[in-house]
Amino acid sequence: MRPAYLPVALAACLAAALLAPPGAGAQSPAKAARPKVGLVLGGGGARGGAHLGVLEVLEELRIPFDCVAGTSMGALAAGAYVAGVSPAEMKETISKTDWSGMFDDSAGRDSVSLRRKQIDDRFYSGLEFGVTKDGLRYREGAVAGEKIKLFFNALVRADLGERNIEDLPIPLTLIATDIGTGERVAMREGNLTTAMRASMSVPGAIAPVVRDGRKLVDGGLVDNVPIQEVRDRCGAQVVIAVNVGSPLMKPDEVTGVLSVMGQMVNLLTEQNVAKSLSLLKPADIYMRPELGDITAASFERQIEASAIGRENALAQADKLRALSVSPEEFRAWRSRVRLTPAPRPPVIDEVRIAETRFINATELRAGIEQKEGEPLDSTALSRDIVLIYSRGDLQSLDYSVLKEREKTILRLTPLEKSWGPDYLRFGLNFASDFRSESPYNIRALYRKSWMNAFGGEWLAGAQLGSNQGLFTEFYQPLDYRQHFFARPYASAGQSKVGLYFDGDRLAEYRVRESQLGLEAGANLGVHGQAKAGWRERRLRSTLDTGPSILPDAKEEVGGITANVALDTQDFAFFPTKGYQADLNYFDAQRVSDTRGKYGRVDGRLQGAWSPGDLIFLGAVEGGTATYGSLPLADAFFLGGRNRLSAYAPGQIIGTEAYGVASVQAQYRLTKPMPLLGLSLLAGLSYEAGYMKNPITEPNLTGGLNSYGLYLASNTIFGPLYIGYAWTKDRSGRFYFFIGTP
């Protein structure tokens, strides 16, 4: 039986339908709620430029997201975007950036002091060790990442105030690796640019970042495409993941040490990427732009990578449109994210220097031009920071702008080298003309810096090889800005001087010299130095091998010294611009033997000019005895590379006057490699010289010339030259040189 109330219920329903207003039964279902979206930007070095193209398409399709996670170069794009920088602004900044210079932390050779240049030119900075109570320590990366950090600061406008991850409008996570434990570190709070810098610290290439007591490196080692992070962070129901990692090389492409190391990193990265990709669901959107031969180091091709990323995102536009919102909703979302710059920079009420271990904070402050009571000039501040860093005492120097009640504080945080302030450096050279003796030298330098508030430092060094010696000096600045200085010094050494006749080495003399001196001078900005003083010398020359051509000599000399030097060249050995000038004078006022007083002056001027990949070099050098007769130790020498290259080093000796001039044309065969800076050059040279009344090679009078061609490259040990030089009337000579002079 049917229930008794069923006819009544049916009648009630029919009556309700008849009485309902027209169209009431045709209502559309409610629109489904937008799923939570998480954006994941993976690491891949310069290949990460593709992220910018993807972000452009997401904006054009009006797709907001609820949280973001990024690793390495993906951390740069993610951090900048969430901090309010548009993809167009990022592309403009990247296109204007000198990426080869980005991986050179210094301000450039032409911006460091002449004293620093002179030390770097003989003792390679890449071979600097710290001398600590625990033994020798070496730096932790090829570069410290100082310019990279300043680049991040400028990109996210850190000059407007401290940018912390937890204060950003969208939840952001940047991934790094704890190099001590191998643990994955998810950075969800704290300073934004420090986290960006930590996430892309490629081990061995860029120094780690110490953050919250942990030493952090590139997050790609543990989680290069952090998909699970956005699911955990904001409960993302749909993940948009962009993978720009470098593909594995084929076995026949792994041919050298660098390629083996690169493949090893790629293998580690691919393992964690495969694990992350296994977490993708059918509703997720995965992008792997086909970047071809754009490598992780192709930073000059990031805009090209951006275009490829854009094409890849547009190819998935249909699937992406399902996540689109109305124009009004997207404008509201984007206005919350987009950075609105202040109309003018903040006025700095106080410049505050964080505590230092050995550097004088007063001296450091003197290097910052920013004045209290004036608007912050972030461009000038970055320049000053790089200049201070270039002095070689700091591991890093960062800044932040803080609000403290009614005051705006510019805080500078210097991090001194953990392996300083005592350092050990090395240098070497080896040369051969494949005919006579092949000279070699190995040298070491101990530098104890910041011995007092003005920055006094003590140097002690030794050299073994064809020329042997010991030296020490104490350099004492006389003011905080180091405009004036005093320098006592002492040295002892010996060298070999060959005596030639018609190209044959007939005899060899051993020249011993010890000296003690004191000079005072002034630093002429960063480009020059002028100094004068008194030097006591003990000279001795004795026959070592061969017939006695010159008598043995022994004498003590004391006299006035003076020197003026200028150096604006951008590189020490392969300059592309700038000039060098050096003028030396010695007046022997006290001479122990019958030779009598004498004077000597010599100078050198060299310049470089570079239109594109072609480099022109010109040099002129000369000297003369101002009066009296010069001893062998003060004689003039010609022969060897750039001093009549077709002749043996020191083949032509004179004691009256000499001159030599050279012109060179070089062509850059390869572009400098990022981080390593290596490049290969091909060069042509012409040299012309003159020695007045030579005491060796008496037949080589009048004008002499030399023509040459060579290949050259910079190496970890200094410049390398392989060349051939010849004259019109003499046979040619091959030569080889590597190291520092």
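**Figure 1. Salt bridges across the predicted model.** The model is predicted. Its salt bridges number 49. Side chains of opposite charge can pair when their charged atoms come close. Some of these pairs join into a network through shared partners. Its members are R115, R447, E457, E473, R487, E519 and K531.

**Figure 2. A buried salt bridge between E128 and R425.** The closest N and O atoms of E128 and R425 lie 3.1 Å apart. E128 belongs to strand 3 (residues 124-132). R425 belongs to strand 18 (residues 422-432). The two are 297 residues apart, and the pair links distant parts of the chain. Both E128 and R425 are buried.

**Figure 3. The salt bridge between D293 and R301.** The side chains of D293 and R301 meet with an N to O distance of 3.1 Å. D293 has a relative accessibility of 56%. The cut-off for exposed is over 50%, so D293 counts as exposed.

**Figure 4. K407 and E350 bridge two strands.** The side chains of K407 and E350 form a salt bridge, 2.9 Å from N to O. K407 sits in strand 17 (residues 407-416), and E350 sits in strand 14 (residues 350-353). The pair therefore ties together parts that are 57 residues apart in sequence. K407 is partly exposed, at 36% relative accessible area.

**Figure 5. The largest nonpolar core, with L320 in close-up.** In soluble globular proteins, nonpolar side chains tend to be buried together. The largest nonpolar core here holds 71 residues. L58, F65, L172, L192, I240 and L320 touch the most other members. Helix 3 (residues 73-82) gives the most to this core, with eight residues. Residues up to four places away in sequence aside, L320 touches V57, L58, L61, I63, I240, I285, M287 and A313. Two of these partners, L58 and I240, are also listed with L320 among the residues that touch the most other members.

**Figure 6. A second nonpolar core.** This core is separate and has 31 residues. Its members include L539, A588, V660 and A725.

**Figure 7. The surroundings of N563.** N563 lies in strand 25 (residues 553-567). Its relative accessibility is 11%. Buried means under 20%, so N563 counts as buried. The side chain of N563 makes a polar contact of 3.2 Å with the side chain of D582. The N563 side chain also reaches the backbone oxygen of L583, at 3.2 Å. Neighbours within four places in sequence aside, N563 is in contact with Q529, A530, K531, D582, L583 and N584. One of these, K531, is also a member of the salt-bridge network.

Methods. Residues numbered from 1 in each chain as written. Predicted model: local features only at pLDDT ≥ 70, side-chain atom pairs only at ≥ 80, totals over all residues. Heavy atoms only, no water. Salt bridge = Lys/Arg side-chain N within 4 Å of Asp/Glu carboxyl O. Helix = DSSP H or I, 4+ residues; strand = E, 2+ residues; numbered from the N terminus. Buried < 20%, exposed > 50% of the residue type's maximum accessible area, 1.4 Å probe, protein only. Core = buried A, V, L, I, M, F, W, Y, C linked by side-chain atoms within 4.5 Å. Contact = heavy atoms within 4.5 Å. Polar contact = N/O pair within 3.5 Å; in protein donor to acceptor, adjacent residues only side chain to side chain.
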